[in-house]
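Hi,

Here is the structure I promised to pass on. Have a look at it first, and then read my notes below.

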Amino acid sequence: MLWTFLATMMVPFQATLIPLYVLVSDFDGADTFWGLIVPTLANSQAVFLMRQFILGLPDELFDAAKVDGASELRVYWTIVVPLTKPILATLGVFVFLWHWNDFLWPLVISQSDATRTLTVGLTVLKTEEMQWSLLMSSAAVSAVPCLVVFFLLQRYLVNSIAMTGLK
């Protein structure tokens, strides 16, 4: 299963763009919000990163929980989930920035102004006769959510960097 995830990471998105568009259009997803969101939910890079992080957790924690009589679900919920908060925050920042700055898929799938993302909307504004000062201020304001997400998750990001050398 890991090799399948790794293989999907090796295929560029541009190679699967047209089949993905046809598939989403067949399900009446063109120019809808779910057509923008659902096809990009599965992220093999996030699965790989989470797997590698969880493999780095000490086995002694899991063994001690099993000796105490904890079930697999309890081990996951009380040990794995709290220890993975830093990597989940890191993934949250990565995935948010990836989706926020995504240009190609929203450009292809959205056809009306109602479903366009901010990056595509800024490009449409650029094609119209608009003052450069308004366009540049709009681009600066579009960076604010990225900064807000980073500052909200900064504590977890620092923890994930601090925990990288621990074994």
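Let's start with a pair of helices: α9 and α10 are roughly antiparallel to each other, a label for angles over 145 degrees (under 35 is roughly parallel, 65 to 115 roughly perpendicular, and the rest oblique). Their axes come within 10 Å and cross at roughly 175 degrees. An axis here is a line fitted to C-alpha atoms, for helices over the stretch in contact, and angles run from 0 to 180 degrees between N-to-C directions. Helix α9 covers residues 118–127 and helix α10 residues 132–142; helices are DSSP runs of H or I with at least four residues, numbered from the N terminus.

Before going on, a word on the source: this is a predicted model, where local features need pLDDT of at least 70 and side-chain atom pairs count only at pLDDT 80 or more, while totals for chains, interfaces and linings use all residues. Residues are numbered from 1 along each chain as its sequence is written, and side-chain values use heavy atoms, with hydrogens and water left out.

Back to the helices. On the α9 side, the contact (heavy atoms within 4.5 Å) is made by L118, L122, L125 and K126, and on the α10 side by W132, L135, S138, A139 and S142. These residues divide into six nonpolar, two polar and one charged. For that split, Ala, Val, Leu, Ile, Met, Phe, Trp, Tyr, Cys and Pro count as nonpolar, Asp, Glu, Lys and Arg as charged, and the others, Gly among them, as polar.

Now try α7 and helix α11 (residues 144–152): their axes also come within 10 Å and cross at roughly 175 degrees, so α7 and α11 are roughly antiparallel too. V93, F96, L97 and W100 of α7 meet P145, C146 and V149 of α11. What is the split into nonpolar, polar and charged for the contact of α7 with α11? It is seven nonpolar, no polar and no charged.

Next, the aromatic rings. Rings of Phe, Tyr and Trp (its six-membered ring) pair if their centres lie within 6.5 Å; planes under 30 degrees apart are stacked, over 60 edge-to-face, and the rest tilted. By this rule there are three aromatic pairs. One of them is F96 with W100, stacked at 5.7 Å centre to centre with 20 degrees between the planes. F96 and W100 are four residues apart in helix α7 (residues 85–100), so about one helical turn separates them. F96 is partly exposed at 26% relative accessible area, and so is W100 at 25% (buried is under 20%, exposed over 50%, partly exposed in between, with a 1.4 Å probe and protein chains only).

The rings of F150 and F151 have centres 5.6 Å apart and planes at 65 degrees, so that pair is edge-to-face. F150 is partly exposed at 34%, whereas F151 is exposed at 53%.

Then look at N43, in the loop between α3 (33–37) and α4 (44–55). N43 is buried, at 18% relative accessible area. Not counting residues up to four places away in sequence, N43 touches V95 and W98.

Last, two backbone oddities. Most residues other than glycine have a negative phi. D28 is not a glycine, yet has a positive phi of about 55 degrees, and D31 has one near 65 degrees. D28 sits in the loop between α2 (13–26) and α3, and D31 is in the loop between α2 and α3. Exposed or partly exposed? D28 is exposed at 63%, while D31 is partly exposed at 24%.

Cheers

Conventions
Helices (H or I, at least four residues) and strands (E, at least two) are DSSP runs, numbered from the N terminus.
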